[in-house]
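User: Hi! I would like to go through the charged side chains and the cysteines of this protein with you. Could you take me through them step by step?

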Amino acid sequence: MKEKVSKKRLLTSALYFVLFYVILLALVFVMIVLNDTSGWTSYFRTRFSDILLLCVCIFLLFGIIYYYLYFENKEFLGETKNVLLILTVILFSVVACYLVGKYVNIYARPVAMLAFMFVFLLSRRQAIILNFVFSFLMFVIDTYTNSYDAGNVVYFSLLLTFVCGTFGIFLVGGTKTRGGLMLTGIFVSIPTVIVLLLLKIPEIASIGWIDYVAAAGFGILGCVLSSMFALAFLPVFERVFNRLTVFRLRELTSTNAPILVRLKKEAPGTFNHSLIVAHLSETCAVAIGENAELARAAGYYHDVGKLKQPDCFTENQSGYNVHDELSPELSADIIRSHAKDGYELLVAAHLPEDIADIAREHHGTLPIKYFYNKAVKLSGDDVDPKDFSYLGPTPRSKIAAIIMIADASEAASRAIADRSPESVERVVRGIIEERMDLDQFSDCNITMRELTTIKETLVEALSGVHHHRVKYPAIRFNRERKAVDEKKED
């Protein structure tokens, strides 16, 4: 269920667009001065109408971005950090292209850098429209800042920027490693150089073969620089704007990540449980077409709140159970607090909000049955289930719903003696049906078809994870390779 975005938040976003519009105009005026340090005053006097047209064109391009986001995703537009991310990357890309074009070569400009960054920081669809706008933005800036001759402006700024960025978006979309991004820059240079050489064929008689080949070389350099700059600055934007990329998700799921190291040492049972939940969640996410990397990371971190009191959770206990000495009410409060504690721990550690939200939502508002039942036995039937329920909220994304189901299914499947596919199917089906009855999926837009797919995927995976093994004979071999019956030896 989408959150309604207030007019105040949309107005705030519009004000940021105006602010960055003014900043970009100031940068453009600086470019004009740098291009002609001695005659820039006469440029402003004689070409006032062109300057005015430049201002109007840039304003319209910013307006296109704003209204695209307004009609496409108001909730995204209502988040200030999203607006700042988009506008900052655009300004950064304009400056980078100008500096490289002025001090290296126009064909070496990293025009695909913006496309590469947005496809990882946002989405492929948003990257396409923003690259389209950026192509026109560079065309307008080049045309009215007197940076290059008219032919190069028309051919390079508009067509090549669009071609290079668009090819880059589709080629880099499936990249999972930083090395893959670097390789993509090389592949993007192929269509870019082809278009560049075709466009410069009419000039070959006047510029000569050396300059013709040099232009192709600088075109390749521009594509490589696009990858290099994207690689260098993606981690900065990831951290500053707390964005999730496939690269950051892989870093977070490394077992050397600080919080996971703590979990391994202080709550080993929870750590092992989280590994299995991460595997199950990733498999389910793939099955329904969700972000598998995010599902795996959320599985790793969903129970980190147990670090606050690890001995209070069964998987970390070795014989002694602290809850035997506590009232059901206090025990329930300790158990349900791990969802909120996990959220606070992840936020304090500056982990992405998507993962922190899932840690808080993965139990929704479900009742804690064991301690509710214990309270009923001690106090009679006059017990309010809300006093023994998690505080919520319920899952607000499909990944959170997957984590909720996988977490409960993994724990429940461990407790049953018969782990045949039929028995596991009954357990998983019961878990999903109970959560549906309690409206745990009403805010995450998950469909019945997807829930069925998740159930089938979990049954298949859990039947493999908790499979039966043959009983090994009680025989041990000594150094002389002689078999010794362990029972007789005892």
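User: Which residue does glutamate 450 meet in a salt bridge?

Analyst: Happy to help, and please keep in mind that this is a predicted model. The side chains come together with an N to O distance of 2.9 Å. Both residues of the pair are buried. The partner of glutamate 450 is lysine 398.

User: How many residues apart in sequence are the parts that this pair ties together?

Analyst: Glutamate 450 belongs to helix H20, which spans residues 448-465. Lysine 398 lies in helix H18, so the salt bridge ties together parts whose separation in sequence is 52 residues.

User: Helix H20 also holds lysine 455. Which residue forms a salt bridge with lysine 455?

Analyst: The closest N and O atoms of this pair are 3.3 Å apart. The partner sits in helix H19 (residues 421-437), so this bridge ties together parts 30 residues apart in sequence. Lysine 455 counts as buried at 19% relative accessibility, while its partner, at 21%, counts as partly exposed. That partner is glutamate 425.

User: Is arginine 296 buried or exposed?

Analyst: Arginine 296 forms a salt bridge with glutamate 282, with 2.8 Å between the closest N and O atoms. The two residues are 14 apart, with arginine 296 in helix H14 and glutamate 282 in helix H13. The relative accessible area of arginine 296 is 15%, and the cut-off for buried is under 20%, so arginine 296 is buried.

User: Which residues are linked with Arg296 in a network of salt bridges?

Analyst: Glu282 is one of them, and this residue counts as partly exposed at 24% relative accessibility. The network links Arg296 with Arg250, Glu282 and Glu293.

User: How many salt bridges does a search of the whole structure find?

Analyst: In general, side chains of opposite charge can pair when their charged atoms come close. Here, the search of the whole structure gives a total of 23.

User: Where is aspartate 387?

Analyst: Asp387 gathers with Glu329, Asp381, Asp382 and Asp384 in a patch of negative charge on the surface. Aspartate 387 counts as partly exposed, at 46% relative accessibility. Its place is in the loop between helix H17 (369-379) and helix H18 (398-415).

User: How many disulfides are found in the whole structure?

Analyst: Cysteine 164 is a nice case to reason from: its nearest cysteine sulfur, in cysteine 223, is 3.7 Å away. A disulfide needs sulfur atoms within 2.5 Å, so cysteine 164 is in no disulfide. Cysteine 164 is also buried, at 1% relative accessible area. Across the whole structure, the number of disulfides is zero.

How values were computed
Residues numbered from 1 in each chain as written. Predicted model: local features only at pLDDT ≥ 70, side-chain atom pairs only at ≥ 80, totals over all residues. Heavy atoms only, no water. Buried < 20%, exposed > 50% of the residue type's maximum accessible area, 1.4 Å probe, protein only. Patch = residues over 30% accessible without salt bridge, like charges linked within 9 Å, V, L, I, M, F, W, Y side chains within 5 Å. Areas by Shrake-Rupley, 256 points an atom, 1.4 Å probe, with all protein chains shown as cover. Salt bridge = Lys/Arg side-chain N within 4 Å of Asp/Glu carboxyl O. Lys, Arg positive; Asp, Glu negative; His and termini not counted. Charge placed at Lys NZ, Arg CZ, Asp CG, Glu CD. Helix = DSSP H or I, 4+ residues; strand = E, 2+ residues; numbered from the N terminus.
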